[in-house]
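Here's a quick tour of a protein structure, written for someone just starting out. Have a look at the sequence and the 3D view before reading on.

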Amino acid sequence: MSNDFYTSSILPYAAIIIKICRAYTNTQEDFEDYYQEVCLQIWRSNENFRGQSEWSTWIYRLTLNVCLTLLKKNSKHHVTSDQLPDVAVEDNRTFDDESLNHLYIAIKQLSEVDRAVILLYLEEKTYQEIAEIIGTNPNNIGVRVKRIKERLKKILDGKVN
């Protein structure tokens with residue numbers, strides 16, 4: 001992968017790629033593997049980009065697809081954050097803000113698709129943009145976001161494991 005392609009086509013979207021990869025991994029090693037695989041797939045697939053959506057939308061969708069594929073592929077060895085050894089949980093604390101760490105731990109308790117929806121919502125994507133990335137309609141996204149917020153509130157308040 002050339003530095004020019006990385007700098008111009010991937011680096012501007014690194015923050016969301018990192019957030020999505022972080023939400024689907026539990027260790028630094030897994031995170032690095034996911035991030036590297038996403039970058040590799042963007043580079044390999046960029047000629048397939050047809051311009052039917054924004055480049056950023058394509059990046060989000062590709063990142064989600066890569067993470068979900070890797071998650072399924074590794075599901076034999078996948079454990080939840082509740083089952084991780086303390087060192088793995090500590091390894092995943094990438095934010096200085098403790099409340100943000102708690103939010104990401106709560107997000108990891110959501111289904112794979114709900115994680116994607118809430119991450120895009122937190123990135124201030126519109127329901128239309130989220131729907132396009134996820135492959136559904138905006139009304140469905142609105143209902144989903146409301147339910148996800150309620151579930152996250154229960155998780156963060158300690159009312160749900």
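Is Cys67 buried or exposed? Cys67 is buried, with a relative accessible area of 0%. Keep in mind that what you're looking at is a predicted model. Below, we'll go through the cysteines and then helix 3.

**The cysteines**

- A disulfide is a covalent bond between the sulfur atoms of two cysteines.
- Search the whole structure for disulfides and you'll find zero.
- Take Cys39: it is in no disulfide, and the nearest cysteine sulfur, which belongs to Cys21, is 7.7 Å away.
- Cys39 is also buried, at a relative accessible area of 6%.
- What about Cys67? Its closest cysteine sulfur is in Cys21 too, at 3.8 Å. That's too far for a bond, because the two sulfur atoms of a disulfide have to be within 2.5 Å.

**Helix 3**

- Helix 3 runs over residues 28–45, so to speak 18 residues' worth of helix.
- From its first C-alpha to its last, helix 3 reaches 25 Å, close to the 26 Å expected at 1.5 Å a residue.
- Its buried residues are Phe31, Tyr34, Tyr35, Val38, Cys39, Gln41, Ile42 and Ser45.
- These residues cover an arc of only 165° around the axis, so they sit on the same side of helix 3.
- Flip to the face turned away from that buried side and you'll meet the exposed residues Glu29, Gln36 and Arg44.
- And what covers the buried residues of helix 3? The cover includes helix 1 (3–10), helix 2 (14–23) and helix 4 (55–73).

Definitions and conventions
Residues are numbered from 1 along each chain as its sequence is written. This is a predicted model: local features need pLDDT of at least 70, side-chain atom pairs count only at pLDDT 80 or more; totals for chains, interfaces and linings use all residues. Side-chain values use heavy atoms; hydrogens and water are left out. Buried means under 20% relative accessible area, exposed over 50%, partly exposed in between (1.4 Å probe, protein chains only). Helices (H or I, at least four residues) and strands (E, at least two) are DSSP runs, numbered from the N terminus. The expected span of a helix is 1.5 Å times one less than its number of residues. The arc is that of the directions from the helix axis to the C-beta atoms. Contact means heavy atoms within 4.5 Å.
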